[in-house]
Amino acid sequence: MTTTSRRFKTVLVLCITGLTTSQSLPSSFPQIYSGAPSGDYSSEWQSYFEVTDPLPNVTFPLTRSFAGNLPVQRTGHPNDTLFFWAFEHQNGSLTSNSSSEPWGIWLNGGPGSSSMAGMFFENGPMHINGDYSMASNTEFSWDTVADYVWIDQPVGIGFSTADADGYVSGEDQMGTDFLGFLSNLVKVFPSLATRPLHITGESYAGTYIPYILKAYFESPNPPVTIVKIAIGDGSVGSGPEFQDLPAVTVIETYPQLINYDPEVFKYFQEQSHLCGYDVNLTYPQNGTIPTLKYVPSIYDTDSAGSFNSRLQFSKSFKNRSFRSRLLSRFQERSKAEDLRPFAKSTHFRKREERRQDWVRSKRDLTGRANGTIDSRYGCDLLDEFIDYAINFTFPWTLSQPDGGVFDVYNIPDALDPEVPIDASVFLNDNRTRTAIHAPTSKDWVLDFDFTFGALGIPMTFLTDLATNGTANGVGFVFFSGNDDSLIAHRGTEGSYYSNTTFGGIQGFTRRPATPWTDDTGDFAGIIHQERNWTYVLFKGAGHLVAATAPKAAKVFLQQFVFGTNTTGLVTGSTVTGGEDPTLAEDVMPGSDPIFYGSLSTESSTIWPEATRAAWTSFIQTETATVTTTPIPTSDAVSSNSGAVRCAASCYYILTVLTMFLYAFFL
């Protein structure tokens, strides 16, 4: 075991706010400050929206910025607005009437998360530290590439406002609202109407952005000119597709999760097969991956096993939904801030119940592959391997007294607790509110729970969207962090490009295998480009790519989103930059160390070389013999399967012996 001193880091995660039901939705409204022009929006409003007052604790230079609320123009809801904060790439670039330079928009997901999270903890020019001090992030800020606008949406999120009966009823309404907002934005900054727009975002923005693009294509007179969308670790399709289907590849990426145990791996491998998750991706794709039938666990409150319902987290805090999975990561901060006590106690109680189940039944999983779906976890493989790590694998076992902590956003980060992350002190400071023309009718919160209506539905229109994209010259970019377990890259590969027909062909014609580097020449991951679609896998990045790999993220933005770098581009039978056979695999190995500790005190653990070598030999043989589920598959989950072949027994013996010695001397 080694101890390492690493640079202080801050990783953005979704914070948890108070319970809000559809019966108690608050009304809020924008604040009109002195100096606001009269009449309709126009370029005269630029001076009003300009941020000129000093910002608390900001002692470093920033480019000129503009902020405030603009209506979405929904009939009968004048208080439905979106809040924006726009930063210029160069002085005067946003207000120029003659500029033809591209511009960008950033959206966070949630659903219900403020995009100020992205600004202050990922890719904006300011960074709020754990001690609430402010640091410059201008070296990696995305406004150094183009004029960039961070937008709180849908209505009612962050500093955006909404009437009590004016919240969105679904994603189509969200898309319509967004175009209404853009119609007003281009009145204030007229050049934005014709300048090439790149819409970027992450996580649940993987659903937002396609629906915004859908509304754009359906509009007879769209207010802007969209040329590209870029989605990072996006949630698209059904929940099992992007959260549970990738479970085995996540474990292959980080076998530390299961202590490099071949028997445990074979258990998860068989469960994946029984659930229909081991789909075979081909190049080009042969057949459409169907919507998977999710078998619920005994911990699911939804007896029908509808993952779509589980994404509607505000309906039941007992559902382990998209964000309630993250509650454990905030246990220390929740105690300090007294956030969502009901959800917190429910989470700890459920986690403790599961821990006791494991202990009583001695569920180390060894020898448990028996041809049936696990009766406790069903097909919820994400939660199952998380619980396994917390109960049986160091250093995650250290978090048991706290109810079990696992960072689904960044696997190698096992800190407990982490550095506090909180933008509310800065944003709710009245000096900040006044400077950025924010509403006084509400406080800013990072996450806001409310009933969106239908959420998380399969993206059945993605091929139609791609067809429109091809016809209108709109590029599609999908990127993933290799260390993300919540929405792992395997889900992106299956839900986005392999299941979609674009440029007349389903999926890519070649497996992504071209390396790309950052601006210092360091290996950054895998890049692939075909028919105006781009896929990027980041080495050493989590769910929040720009937070965990800021240097590579900026190069990616410059060269592959806004730029014309052709690395990885397929032209006929050639690929620019070549292909590395070692990268032409379903798995890109993660890092060896797992980091743990408290706050800024960090240590790391690395398993013995013999253990890792034995695992490598085992997995090479095991993955070479496994049989995948053919496509198309039946949407009924089979309950019968042949046992997964056992291989490399001599290496298994060596592994077990090594792990025993390691545990003994630990």
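In the predicted model, the residues of helix α2 that count as buried are Met116, Ala117, Gly118, Met119, Phe120, Phe121, Glu122 and Asn123. The helix spans residues 116-123 and is mostly covered, with eight of its eight residues buried. An α-helix has 3.6 residues a turn, so residues three or four places apart point the same way.

Burial was also examined at the level of the whole chain. Of its 666 residues, 61% are classed as buried. The exposed surface of the chain amounts to about 23,700 Å², and 52% of this area is supplied by carbon and sulfur atoms. The secondary structure consists of 19 helices and 19 strands. Among contacts in the chain with a separation of 6 or more, 76% are accounted for by residues 24 or more positions apart.

Histidine 198 offers a local view of the strand content. This residue lies in strand β7, which comprises residues 196-202. Histidine 198 has a relative accessibility of 5% and therefore counts as buried, the cut-off for burial being under 20%. When neighbours within four places in sequence are left aside, the contacts of histidine 198 are with Pro102, Trp103, Gly104 and Ile105, with Val227 and Lys228, and with Val561 and Phe562. A further spatial relation concerns threonine 225, a residue 27 positions from histidine 198 along the chain; the C-alpha atoms of the two residues are 8.9 Å apart.

Conventions
Residues are numbered from 1 along each chain as its sequence is written. This is a predicted model: local features need pLDDT of at least 70, side-chain atom pairs count only at pLDDT 80 or more; totals for chains, interfaces and linings use all residues. Side-chain values use heavy atoms; hydrogens and water are left out. Buried means under 20% relative accessible area, exposed over 50%, partly exposed in between (1.4 Å probe, protein chains only). Helices (H or I, at least four residues) and strands (E, at least two) are DSSP runs, numbered from the N terminus. Contact means heavy atoms within 4.5 Å. Accessible areas come from the Shrake-Rupley method with a 1.4 Å probe; for residues, only the protein chains shown count as cover.
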